[in-house]
Amino acid sequence: MKNKKRRRFKDIHLRTKLSLVIAGTMFLILLVNTILYVILNRMTQQLDDIYVGNVKLNELEDALDKVESSMAGYLNTKGTDTLDEYYRAEQAYQNLMDGLEKRITDNQLKMMERDIYWMSFHYLVLTDSTVDAKRGRNVERYRDNYEEAEKLYSYIKTYITSLNGYRFRGNTESYKSLSTSLGYLEISSIVAFIVMALFDVMLVILVTGNITRPLNELAMAADKVSDGKLDQVGVVKVHSGDEVGKVTVAFNQMVSSIPGYLTRLKESMEKEQLLKEKELLMEAHLKDAHLKYLQAQINPHFLFNTLNAGTQLATMERADKTSQYIQHVAAFFRYNIQENDEVSLAQEIQLVDTYIYILNVRFSGEIQFTKEIESEDLLDIRIPGMILQPIVENSVNYGIRNIERTKRISISVYRVDDNVCISVLDNGVGMSQELIREVLNGEYRNDPESDKKHGNGVGLNNVIERLRLYYNGTNNFEIISNGRDQGTEVVITVPLAEEQDVSDNAGR
């Protein structure tokens with residue numbers, strides 16, 4: 001029967017084993033803590049109850065003194081403030097009196113409480129009569145009442161002091177008993193925690209040993225396999241039906257199938273070598289065809305020269321607008337075929353001007369383009385080429401192209417501390433935060449067909465990557481959008497001092 005139970009425990013999943021161990025340990029800790037908490041709470045309550053009677057008697061005595069002093073103050077001054085003070089003190093004393101014992105009892109302490117209550121009741125009657133006689137200017141009456149009240153006040157004080165002393169002596173014995181019990185409780189709690197700690201350690205050692213022992217055997221067999229000693233690896237013993245046992249079974253099956261796998265792998269590698277040779281041959285033919293295709297493409301310089309010839313012809317025919325348009329197109333292509341990777345900010349903004357002009361000719365001037373330059377000196381900084389135009393193109397194609405309201409794009413250049421900020425703002429459809437995150441992390445991929453129709457092949461991913469390379473990995477590209485139809489702002493931050501150094505070096 002024991003062997004069956006042990007076997008069942010070994011077949012339980014590792015997660016379940018660990019969960020049972022942790023849950024059992026936590027339950028024991030919770031149980032012991034709960035018992036200790038209940039006992040400690042009861043003893044604390046008893047400690048509170050021990051001296052609560054003394055505290056109430058002290059409060060009662062203080063309230064009695066307050067009534068006496070406030071009454072004397074009124075008799076001496078006969079002022080409204082002292083009268084109000086007397087009534088407040090009387091009410092406070094009355095409230096404390098209500099907590100005293102009023103019933104007939106055989107308990108000596110309760111009988112003293114009852115005497116204090118009735119004496120206090122008569123005392124308050126006398127004080128009220130004294131105050132009323134004083135207010136009515138009945139001198140003889142208030143003097144008699146005052147003398148009787150003083151005598152009763154002394155009796156009440158004496159009774160309260162005596163009762164307080166009796167209770168304190170009785171409470172001291174109770175306190176000693178509780179203090180002794182607290183000492184025993186402290187020792188018991190320490191012993192309980194030590195026993196629980198030892199039990200937990202033994203339980204952890206037992207469970208971890210049950211888990212790690214077969215793992216060690218499996219690891220030793222795996223080391224032999226990694227060293228290529230397959231002939232020395234026997235069948236690893238399966239100790240349980242949990243995850244380790246299943247891995248051991250799979251390991252034994254793997255070891256037995258390795259020789260056949262090596263044979264098949266060798267055959268597969270031979271076939272793969274033949275396929276690679278054929279693939280390399282096909283790749284060589286493909287490169288040759290691609291080279292011929294590139295040679296057949298239009299030379300960009302030839303296209304630029306052709307546009308210049310078209311400009312001259314339009315001028316000769318006095319087609320000024322056509323000539324101006326072709327000049328802008330030629331300028332756009334000339335900028336794109338230049339070999340300089342580094343340009344001034346002024347050149348980049350001029351390229352944007354040219355690009356917007358070409359688009360407005362195509363789309364009847366529907367794009368309103370504005371520029372705000374804080375200082376002309378900022379336009380001399382050097383930045384990588386083809387940075388702003390792809391951003392503006394992205395704003396046109398994906399931001400403002402399909403909106404029905406007025407289409408606006410603005411570029412702002414301003415200085416913030418030692419940096420120059422370049423902002424490209426549109427009033428288009430905006431971007432979601434998820435899309436912004438994908439673009440900044442390089443995870444977003446445009447539709448290839450859409451790029452062929454509307455783009456120049458230089459996307460935001462390319463711009464972001466070139467800026468990071470140019471500025472040594474600095475994150476200086478930010479996209480801001482507040483939601484749908486709220487527009488999009490792209491801000492590029494360029495270190496001013498670094499750019500000046502780059503510009504100076506280029507000049508030298």
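**Patches, helices and salt bridges**

Let's start with one residue. Asp144 has a relative accessibility of 39%, so it counts as partly exposed. The cut-offs are these: buried is under 20% relative accessible area, exposed is over 50%, and partly exposed lies in between, with a 1.4 Å probe and protein chains only. The areas come from the Shrake-Rupley method with a 1.4 Å probe, and for residues only the protein chains shown count as cover.

Some ground rules. This is a predicted model, where local features need pLDDT of at least 70 and side-chain atom pairs count only at pLDDT 80 or more, while totals for chains, interfaces and linings use all residues. Residues are numbered from 1 along each chain as its sequence is written, and side-chain values use heavy atoms, with hydrogens and water left out.

Back to Asp144. It sits in helix H5, residues 139-226. Helices here are DSSP runs of H or I with at least four residues, strands are runs of E with at least two, and both are numbered from the N terminus.

Which residues gather with Asp144 in a patch of negative charge? They are Glu140, Glu147 and Glu148, and the patch is on the surface. Patches take residues with over 30% relative accessible area and no salt bridge; like charges are joined within 9 Å, and nonpolar side chains (Val, Leu, Ile, Met, Phe, Trp, Tyr) within 5 Å. Asp and Glu count as negative, Lys and Arg as positive, and His and the chain ends are not counted. Each charge is placed at NZ of Lys, CZ of Arg, CG of Asp or CD of Glu.

Next, the nonpolar patch. It covers about 520 Å² of surface. Its members are Phe27, Leu28, Leu31, Ile35, Ile39 and Phe199. Which helix gives the most to it? Helix H2, residues 14-77, with five residues. Phe27 is in H2. With 54% relative accessibility, Phe27 counts as exposed.

Now two helices and their ends. Helix H4 covers residues 108-135, which is 28 residues. From first C-alpha to last, H4 reaches 40 Å, close to the 40 Å expected at 1.5 Å a residue. The expected span is 1.5 Å times one less than the number of residues. Just after H4, Arg137 takes a positive phi of about 60°.

Helix H9, residues 345-362, has 18 residues. H9 reaches 26 Å, again close to the 26 Å expected. Its buried residues include Leu345, Ile349, Leu351, Val352 and Tyr355. Glu348 and Asn360 are also among them. Asp353 is in H9 too, but at 22% relative accessibility it counts as partly exposed. How far apart in space are Asp353 and Phe369? C-alpha to C-alpha, 8.4 Å, with their positions 16 residues apart in sequence. Just after H9, Ser364 has a positive phi of about 60°.

On to charge pairs. Side chains of opposite charge can pair when their charged atoms come close. A salt bridge here is a side-chain nitrogen of Lys or Arg within 4 Å of a carboxyl oxygen of Asp or Glu. How many does the structure hold? Nine.

Take Glu101 and Arg103. Their closest N and O atoms are 2.9 Å apart. Glu101 is buried at 13%, whereas Arg103 is exposed at 62%.

Asp418 bridges to Arg415, with the closest N and O atoms 3.9 Å apart. Asp418 is exposed at 52%. Arg415 is partly exposed at 43%.

Arg437 and Glu434 meet at 2.6 Å, N to O. They are three residues apart in helix H11, residues 433-440, so about one helical turn separates them. Both are partly exposed: Arg437 at 35%, Glu434 at 44%.

There is also a network, linking Glu61, Asp65 and Lys157.

Last, strands and loops. Asp426 lies in strand E5, residues 419-426. At 7% relative accessibility, Asp426 is buried. Asp426 and Gly399 are 27 residues apart in sequence, yet 7.1 Å apart in space, C-alpha to C-alpha.

Met386 is not a glycine, but has a positive phi of about 60°. It is in the loop between strand E3 (382-384) and helix H10 (388-400). Is Met386 buried or exposed? Buried, at 11%.

Asp417 is not a glycine either, and its phi is positive at about 55°. Asp417 is in the loop between strand E4 (407-416) and E5. At 66% relative accessibility, Asp417 counts as exposed.
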